[in-house]
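Student: I have a model open and would like to go through its fold and backbone step by step. Where should we begin?

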Amino acid sequence: MQVDYIIVGLGLAGLAFTKELEKNKKSYLVFEDYSQNSSIVAGGIYNPVVLKRFTPVWNASEQLEIALPFYEDLEIQFNKKYHFPIAIYRIFKSVEEQNNWFAACDNPGLSKYMSTKLINEKHEGVLADFGYGKLSNTGRIDTKTLLEDYRDYLLNRELIRNESFQYSELKIIENGLEYKDIKASKIVFCEGFGLKNNPYFNELPMQEAKGELITIHAPNLNVDFLIKSALFVLPLGDNLYKIGATFNWKDKTQLPTEEGKNELTTKLGSFINVPYKIVEHIAGIRPTVKDRRPLVGKHSKYPNLAVLNGLGTRGVMIAPTVAKALYNHLENGIELEKEISIARFL
Ligand SMILES: Cc1cc2nc3c(=O)[nH]c(=O)nc-3n(C[C@H](O)[C@H](O)[C@H](O)COP(=O)(O)OP(=O)(O)OC[C@H]3O[C@@H](n4cnc5c(N)ncnc54)[C@H](O)[C@@H]3O)c2cc1C
């Protein structure tokens with residue numbers, strides 16, 4: 001079998017890169033072993049404002065200009081809804097926070113997202129004595145359904161093998177590579193935290209951050225916006241809300257823990273006081289990088305090997321932009337921005 005590209009891993013990074021390949025009529029084969037599930041468990045939220053400090057997220061507006069049409073195209077391709085715009089209400093904890101919010105509204109990069117009105121609505125079960133600041137042009141992508149549909153689509157076209165990629169079987173030959181029965185021109189590694197097992201790129205400084213989430217059933221909580229306080233509370237419909245997420249820099253497993261659940265319920269109790277039942281508890285590992293920027297580029301010695309990783313906490317917004325940048329770098333020789341290029345660590 002001969003293809004232009006082998007892709008290892010089909011999370012958000014792998015999906016975005018294969019879409020670039022399809023657009024450019026390149027052939028490819030994906031390997032996916034279900035060893036990581038960051039993109040499957042993700043809240044899927046996109047939000048261009050850092051809600052701790054009220055500052056703009058790095059390159060967010062530019063990324064959204066590429067990301068939103070990208071997900072809309074997928075909605076058309078599969079005739080299904082994956083994109084759910086939703087406003088975010090940030091609970092203020094003090095008058096000082098209110099003041100900081102209104103000062104930030106003057107920032108030209110933030111004014112199209114942040115409302116200058118103090119929201120003082122009362123909502124049963126939500127403790128918000130100092131009111132809320134409202135963000136618009138924000139939303140959620142249902143990454144789980146999208147990836148399930150995309151994996152099925154690839155399976156039906158025999159473009160994916162549900163097996164683990166064995167690094168020791170990869171042979172680098174002149175002008176390309178061989179892997180078992182396949183000859184390819186290039187390979188792109190999109191393994192998320194699985195990068196740790198990749199002998200070609202595992203020296204890159206990934207700082208994995210485990211996250212846990214719960215879904216609750218709360219019939220008395222009647223909100224149709226995303227609440228952000230110590231955690232996010234994301235309405236899913238049918239009285240279900242996704243609550244997240246924890247950050248754990250030590251535990252490298254993907255297993256939900258009692259400790260994670262206790263942290264979530266304690267924090268939730270600080271701003272929500274309605275009865276609820278936990279119906280799901282999940283966990284995954286965010287592929288985060290020391291400097292909070294993606295890991296994109298070619299291997300320093302083997303230019304047919306490339307990496308697309310380090311999407312961190314914002315894979316939904318970043319993935320389409322960095323996939324496009326990597327494609328243009330590999331096929332058209334366009335330099336990568338210094339901030340995302342792995343050259344910064346070599
Ligand atoms: C709890 C939690 C909440 C999050 N919430 C949000 C959010 O609200 N918004 C947002 O934008 N981001 C969020 N994120 C971050 C987001 O999920 C990540 O940025 C993104 O999913 C990373 O995508 P990826 O494709 O790089 O990695 P992954 O999703 O981990 O995909 C890598 C894939 O590679 C496969 N793989 C690995 N090694 C091999 C191998 N050797 N052979 C074959 N296959 C292999 C894995 O099985 C996996 O499918 C969250 C993450 C977590 C954990």
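**Fold and backbone of the model**

Tutor: The protein has seven helices and 20 strands. The model is predicted.

Student: What radius of gyration does the protein have, against that of a compact globule?
Tutor: The chain has 346 residues, and a compact globule with that number would come out near 20 Å. Along the principal axes, the C-alpha trace spans about 65 × 40 × 40 Å. The radius of gyration of the protein agrees with the globule value, at 21 Å.

Student: What share of the residues is buried?
Tutor: A residue counts as buried when its relative accessible area is under 20%. Applied to the 346 residues of the protein, this gives a buried share of 51%.

Student: What share of the exposed area do carbon and sulfur atoms supply?
Tutor: The protein exposes about 16,000 Å². Of that area, the part from carbon and sulfur atoms is 48%.

Student: How far apart are the centres of the positive and negative side chains?
Tutor: There are 42 positive and 42 negative side chains in the protein. Taking each set as a whole, the distance between the two centres is 3 Å.

Student: Among contacts with a separation of 6 or more, what share joins residues 24 or more positions apart?
Tutor: A contact here means heavy atoms within 4.5 Å. Of the contacts in the protein with a separation of 6 or more, those between residues 24 or more positions apart account for 73%.

Student: Which strands stand at the edges of the open sheet of three strands?
Tutor: The order in this sheet is 3-9-6, with antiparallel pairing. Each edge strand has a single partner strand, so one side of it is left without a neighbour in the sheet. The edges are strand 3 (45–46) and strand 6 (83–85).

Student: Which residue in strand 9 is the bridge partner of Ile45?
Tutor: Strand 3 pairs with strand 9 (residues 139–141) in the antiparallel sense, over two bridges. In strand 9, the partner of Ile45 is Arg140.

Student: Which residue of strand 16 stands opposite Ile227?
Tutor: Strand 15 (residues 226–228) and strand 16 (residues 232–237) run antiparallel and are joined by two bridges. They form a hairpin with three residues between them. Opposite Ile227 stands Val233.

Student: Which residue takes a positive phi in the hairpin of strand 16 and strand 17?
Tutor: Strand 16 and strand 17 run antiparallel, with five bridges between them. One bridge pairs Phe232 with Gly244 in strand 17. The hairpin has two residues between the strands, and the positive phi, near 55°, belongs to Asp238.

Student: What is omega at the cis peptide bond that joins Gly244 and Ala245?
Tutor: Gly244 is the bridge partner of Phe232, and Ala245 lies in the loop between strand 17 (240–244) and helix 6 (258–269). The bond joining Gly244 and Ala245 is cis, with omega about -15°.

Student: Is Glu158 buried or exposed?
Tutor: Glu158 sits in the loop between helix 5 (143–156) and strand 10 (160–161). Its phi is positive, about 55°, although Glu158 is not a glycine. A residue counts as exposed over 50% relative accessible area. With 64%, Glu158 is exposed.

Student: How does Lys180 count by relative accessibility?
Tutor: Lys180 lies in the loop between strand 12 (176–179) and strand 13 (182–189). This residue, other than glycine, has a positive phi near 50°. The relative accessibility of Lys180 is 45%, so Lys180 counts as partly exposed.

Notes
Residues are numbered from 1 along each chain as its sequence is written. This is a predicted model: local features need pLDDT of at least 70, side-chain atom pairs count only at pLDDT 80 or more; totals for chains, interfaces and linings use all residues. Side-chain values use heavy atoms; hydrogens and water are left out. Two strands pair if DSSP finds at least two bridges between them. Helices (H or I, at least four residues) and strands (E, at least two) are DSSP runs, numbered from the N terminus. Buried means under 20% relative accessible area, exposed over 50%, partly exposed in between (1.4 Å probe, protein chains only). The radius of gyration is taken over C-alpha atoms; the globule rule is 2.2 Å times the number of residues to the power 0.38. Accessible areas come from the Shrake-Rupley method with a 1.4 Å probe; for residues, only the protein chains shown count as cover. Lys and Arg count as positive and Asp and Glu as negative; His and the chain ends are not counted. The place of a charge is taken as NZ of Lys, CZ of Arg, CG of Asp or CD of Glu.
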